[in-house]
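Visitor: Could you take me on a close look at one chain of this model, and at how that chain meets its partner?

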Amino acid sequence: MKFRVLQNISNSWMIVSLCIILLIPFIIGVVLYSKSIPVFEITSIDQLLFSSTWKPTQGLFGFLPFILSSLYVTLISFVLSAPLCVLAAIYLTQFASKRLVLIMYPVIDILAGIPSVIYGMWGILIVVPFVGETLAPLFNLNSSGYSILSGGIVLAVMCIPYVLNMLMESFKTVPMGLVEASLSLGASKWESIKHAVLKKCRTGIISAFGLGLAKAFGETLAVMMVVGNVVQISGNPFDAGYPLPALIANNYGEMLSIPLYDSALMLASFILLVVVLLINLFFRYLICKTQRK
Amino acid sequence: MRYRKSFVELFYKILTGIACYSLIVILGYIIFVIFKKGIGMLSLKMITTVPSGGYYYGGEGGVLNAIAGSFYIAVGATIIAVIVGVPAALFINSHLQHKPRMQSFIRYMLDALWGIPSIVYGAFGFMLMIYLGMSASLLAGIITVAFLITPIIIRTFDEVLNTIPKGLHESALALGYTRMQLAFKVLWKQGFPGFITAVLFAFGRGIGDAASVLFTAGYTDLVPQYLDEPAATLPLAIFFQLSSPIPEVRNRAYAAGIILTAMILIISVSARLVSRKFSKTNLK
Amino acid sequence: MKNKNTIEISNLNVWVDNQYILKNVNLDIPEHQITVLLGPSGCGKTTLLKSMNRLTDLYKELKVTGEICIDGDDILKSKRNIYEIRQKMGLLSQKPYPLPVSIYKNIAYGIKLKGIKDRKLLDYNVEKRLKEVGLWDEVKDRLHSSPDTLSIGQQQRLCLARGLAVKPRLILADEPTSALDPLSSKIIEDLFKKLKEHYSIVVVTHILRQAKRLADNVVFMHYGEIVEQGAPDQLFTNPQSPELKKYLVDGN
């Protein structure tokens, strides 16, 4: 009898906790969306997304500068980190000795575990002066260093372990026999990697990149510390930017004192959630599908 | 032709090798910069005292308040995440063993959850907090971080549970075990090292994350005594002090950076050691 | 003609961490015959096969000494182009591993690696090789679709055709039928019998009956050593060593 009761309790405990977890994204989505309704009521969605006027005190909320900044920073981080990740993943899964791989795992682990504030601090100490004092003069530009480019560089370093891990997982699924088959046809190791391994992992590579982009898009603190936080639209990477997550993080203090400000910031969070979640769901689905095959 | 082929091969081997070794250099460089900048200000006082009155103008004190706050929040959140996450992970691997589609759907959702940015959890936690009529406090911080790390605990633990041979499940069930006994006796015992790894991993994330506690935990110069008091956290302490115009305050942020980095290093290396030990025993 | 050898192996040793995988192997592979490497699992058959086209290079922990001569050239010491050496041999592995490109490109792959880009020549070769393995009629309408659409047996024949396309002298087959159903296995076996007119063939197997069906020449291996070799009738009717006697008894 006592056993039965215990069994029932632990069964329902397991199911309840699993359900809670699976419902979290929906609950977050609903809460954030319902909080952002007030700002919808006075401003159209077009205006919110495509207007570049940001004057919260006058009730004008145009997210365009923030969205563009976010995209710009994310793009730079992708361009800088993606080639490095692919090359390193190839070396680690195809060329490297077992010893090196054993050394590299903790290196990747630690890189992935370093908190974002530490990356931001490193960015302020190294990347910002480098961009402002070394890179900008090369192009005859004036920059404080607190810029989109700095944000992109810091983000690139942060995304490397994340993307690299996924790439390695993907490369490791390629059977040795495929490489052997290619070699026995007279291909060099590199030709085999290029024609067999990379082609076989096409979806894995695309997914790793997609998930890396999503991570970069949502990253907050490190970017905010080096990006300058100025509301403007500029194509120049040496100018300051103001990504969405930084907008949310910087203004939580005053958002309750200005009408509709909180609603607008919740909308920003909602946009962030939807974009990142959709990207994640899409690429995870691709990964799942190829794995099942 | 033949030399070109070998040459191209060598070229790419070197190129990919450089990319790989550059990661070690980057990591070394980051750690070197952090330690070099902060080592001068690092003292026992930093970790044993709270900020004194004039601390933010360069006065005496340390960051004990933030260390304690981070520690409390990470411990509290980890406990909640374990209470919710461990049964969920066990459930996936015991009761759902014969429903592979359900299993992969749940894993898929959890992976997607893992990707949600922590600032979104922070904004959500903030709204939840206002809704419940709470103020920024230790408890609100704990709950928000718990949301963030629960998917991490489940997925990390689940990965290990998934490697336990399926034959073990069958023989346990054949011996007359119920699925619950399978979960809490067999799987739990077999997957225990994986559980430790998952906890360490989530704990590290809890200590290091700033964006989620920015809204919810508040900030204070005191070590929090109760759950409803605000709590400072180490990442936020570093963040705030870095934006100070006074050099002494900034220098102390660098020193606090060392403390945080060292904590993460220890946690991450021990998690790796536990999992390596586990995979060794698993091979035998 | 009968006495000419494609490969001559002498004193081949392969070991890892002081543990021998192959010990003092001396073996000649005669031309235009099927040589069957027979033995229980883990006796080093596959390693012997892989050393013949130096796929052992892939495993850095393996140490290899001895001589493997093809056309009087020791491939283990040769500074000559390893890619050309490997093209003298077509490899067929336990499971078919088609490259992740179309059926056509799978076969053209090895030819293109030789630097041949002429479209007509490629077309001609693809057709010829597919006909050689009897796959042409089955796939001629979908040459540019993925090999994933083929059955396992067809994929294995595709891999064989791919290997033949580089004009090898020797076919190395590592338990080529272990993943196939009996019907597909029979097709492969019949192909081997047909192909030996033009190629020398080495087949690794642990299936006694397959060895009896195919072999012109049997090599029995046990724990990394060659225990007995010779013509199948003689070997199977009158085994000399206790290991082979036991294997024959257990195998039936």
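Guide: Happy to; here is a walk through chain B, its contact side and the nonpolar core. Please keep in mind that this is a predicted model, where local features need pLDDT of at least 70 and side-chain atom pairs count only at pLDDT 80 or more, while totals for chains, interfaces and linings use all residues. Residues are numbered from 1 along each chain as its sequence is written, and chains are lettered from A and ligands numbered from 1 in the order in which they are written.

Chain B has 12 helices and zero strands (helices are DSSP runs of H or I with at least four residues, strands are E runs of at least two, numbered from the N terminus). Its C-alpha atoms fill a box of roughly 70 × 70 × 30 Å along the principal axes. Of its 284 residues, 49% are buried, meaning that 20 or more other C-beta atoms, placed from the backbone, lie within 10 Å of the residue's own.

Now for the partner: 66 residues of chain B are in contact with 69 residues of chain A, contact being C-beta atoms, placed from the backbone, within 7 Å. On the chain B side, helix H1 (residues 2-38) gives the largest share, 18 residues. That side divides into 47 nonpolar, 12 polar and seven charged residues (nonpolar: Ala, Val, Leu, Ile, Met, Phe, Trp, Tyr, Cys and Pro; charged: Asp, Glu, Lys and Arg; polar: the others, Gly among them).

Within chain B, 76% of contacts between residues at least 6 apart in sequence join residues at least 24 apart.

Terms used. Buried ≥ 20, exposed ≤ 12 C-beta atoms within 10 Å, placed from the backbone. Contact = placed C-beta atoms within 7 Å.
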